[in-house]
Amino acid sequence: MRRLAFVMAWFFAPSVVAEDIELTGRLEQGGLALGKSAPGSRVVFNNREIAVTSEGVFVLGFDRDAPAAAQLMITSVTGETRQQTLSIQRRQWQIEHVTGLPQKLVTPDPATEAKIAADNKLMLAARERTEATPYFRRGFIKPAEGRISGVFGSQRILNGVPRSPHVGLDIAAPVGTPVRAAADGIVSLAKADMILTGQTIVIEHGFGLDSVYIHMSEIGVKEGAHVKQGDVIGAIGQSGRANGPHLHFGVTWFNTRLDPETVLTVLPANSN
Ligand SMILES: [Zn+2]
């Protein structure tokens with residue numbers, strides 16, 4: 001396992017109590033790290049205050065296109081603030097050609113465009129929702145069995161036209177194959193008729209860490225439901241913009257897209 005663990009020592013003026021901040025995970029584009037600070041600390045990451053458990057644990061996510069540096073600021077319970085620049089490793093992305101998609105979903109007409117914009121608003125709102133319970137600490141499992149037909153980060157050429165990168169993991173399997181909750185959490189979106197993503201579920205796993213399941217043929221949970229890891233939440237399909245039956249599995253930290261394969265490595269099931 002390419003699991004990276006290291007301890008960052010913080011050296012400050014002698015008046016500051018020495019304190020170690022521990023970060024485990026992957027500091028790379030699409031990566032996820034877990035931090036541990038002294039209980040009661042406040043953590044600001046790239047100017048956003050983030051949730052910290054009572055034991056001082058927090059989550060950091062790095063976008064596919066994250067710049068080489070990120071800023072972490074930790075304020076102890078006694079008010080001392082330490083700032084640290086994190087180096088985020090660049091990654092190389094594949095180029096992926098996808099053909100045979102309905103042309104109206106690759107170059108949508110204005111009415112379809114408006115529906116896509118409305119869908120995006122719902123997705124954004126779901127991603128901004130957070131749960132105070134760190135369900136993610138019990139780890140993640142792959143939500144379906146099947147062939148990996150698309151990886152995170154690829155530059156996509158749809159019907160010959162360059163489009164946004166692919167920000168999930170595609171698992172191809174026959175229509176009806178069960179889709180399971182990757183981790184415990186609360187269903188924050190369950191919608192059957194989204195234009196590009198088709199039958200779509202978002203589950204919030206606490207602290208802004210979400211999993212996303214799209215292109216399904218059926219949805220078996222309702223918004224607000226509490227799901228356990230491994231619960232069947234739907235079935236693989238081909239709804240939305242898909243050229244064959246597969247599950248698109250995404251993981252996001254607020255609006256930051258993470259590589260699901262990295263998340264499965266950094267937070268394996270029963271990791272806590
Ligand atoms: Zn996909």
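The exercises below work through a predicted model of one protein chain, each with a solution in steps.

**Exercise 1. Find the order of the strands in the open sheet of four strands, and explain which strands stand at its edges.**

Solution. Begin with the order, which is β5-β4-β7-β8, and note that the pairing in this open sheet of four strands is antiparallel. Next, look at the two ends of that order: β5 (48–50) and β8 (81–87) each have a single partner strand, so one side of each is left without a neighbour in the sheet, and these two strands stand at the edges. As a further step, follow the twist, which averages 25° from one strand to the next.

Now take one pair out of the sheet and examine it in detail. Strand β4, made of residues 42–45, pairs with strand β7, made of residues 69–75, in the antiparallel sense and over four bridges. Within this pair, R42 has T75 of β7 as its bridge partner.

**Exercise 2. Describe how the chain is divided into domains, and state which residues make up the side of domain 1 that touches domain 2.**

Solution. The division comes first: domain 1 covers residues 5–87, and domain 2 covers residues 95–266. The C-alpha centres of domain 1 and domain 2 are 28 Å apart. For the contact between them, 13 residues of domain 1 meet 17 residues of domain 2. On the side of domain 1 that touches domain 2, strand β6 (residues 57–61) gives the largest share, namely three residues. Sorted by character, the residues of that side are five nonpolar, five polar and three charged.

**Exercise 3. Work out which residues touch the most other members of the largest nonpolar core, and where this core draws its residues from.**

Solution. The largest nonpolar core has 54 residues, and those that touch the most other members are V59, V179, I201, Y213, M216, L247 and V263. The largest share of this core, six residues, belongs to strand β17 (residues 209–219). The core is also drawn from both domains, with at least three residues from each of domain 1 (5–87) and domain 2 (95–266).

To see the surroundings of one member, choose M216 and leave aside its neighbours within four places in sequence. Among the contacts of M216 that remain are V179 and L247, and the list also includes G198, Q199, G234, A235, I236, G237 and S239.

**Exercise 4. Decide whether E145 is buried or exposed, and place this residue in the fold.**

Solution. First locate E145, which is in the loop between α2 (110–128) and β10 (147–150). Then count: E145 has 12 C-beta neighbours inside 10 Å, and because a residue with 12 or fewer is classed as exposed, E145 counts as exposed. Leaving aside neighbours within four places in sequence, E145 is in contact with A173 and T177.

From the strand β10 that follows this loop, the pairing can be traced onward. β10 and strand β13 (residues 169–172) run antiparallel and are joined by three bridges, with I171 of β13 as the bridge partner of I148. β13 is in turn joined by four bridges to strand β20 (residues 246–253), again antiparallel, and here A172 has H246 of β20 as its bridge partner.

**Exercise 5. Compare the pairing of β11 with β9 and with β12, and find the residue with a positive phi in the hairpin.**

Solution. Recall that strands of a sheet pair through backbone hydrogen bonds, either parallel or antiparallel. Strand β9 (residues 95–98) pairs with strand β11 (residues 155–158) in the parallel sense over four bridges, and V98 stands opposite L158 of β11. With strand β12 (residues 161–163), β11 runs antiparallel and is joined by three bridges, where L158 has V161 as its bridge partner. The hairpin of β11 and β12 has two residues between the strands, and N159 takes a positive phi near 50° there.

**Exercise 6. Determine where N46 and F254 lie and how exposed each residue is.**

Solution. N46 is in the loop between β4 and β5, and its phi is near 45°, a positive value in a residue other than glycine. Because N46 has 16 C-beta neighbours inside 10 Å, it counts as partly exposed. F254 lies in the loop between β20 and β21 (256–258), and it has a positive phi of about 50° although it is not a glycine. With 17 other C-beta atoms within 10 Å, F254 is partly exposed.

Key. Residues numbered from 1 in each chain as written. Predicted model: local features only at pLDDT ≥ 70, side-chain atom pairs only at ≥ 80, totals over all residues. Pairing = 2+ DSSP bridges. Axes fitted to C-alpha atoms, helices over the stretch in contact; angles between N-to-C directions. Domains from an automatic or database assignment. Contact = placed C-beta atoms within 7 Å. Nonpolar A, V, L, I, M, F, W, Y, C, P; charged D, E, K, R; others polar. Core = buried A, V, L, I, M, F, W, Y, C linked by C-beta atoms within 7 Å. Buried ≥ 20, exposed ≤ 12 C-beta atoms within 10 Å, placed from the backbone.
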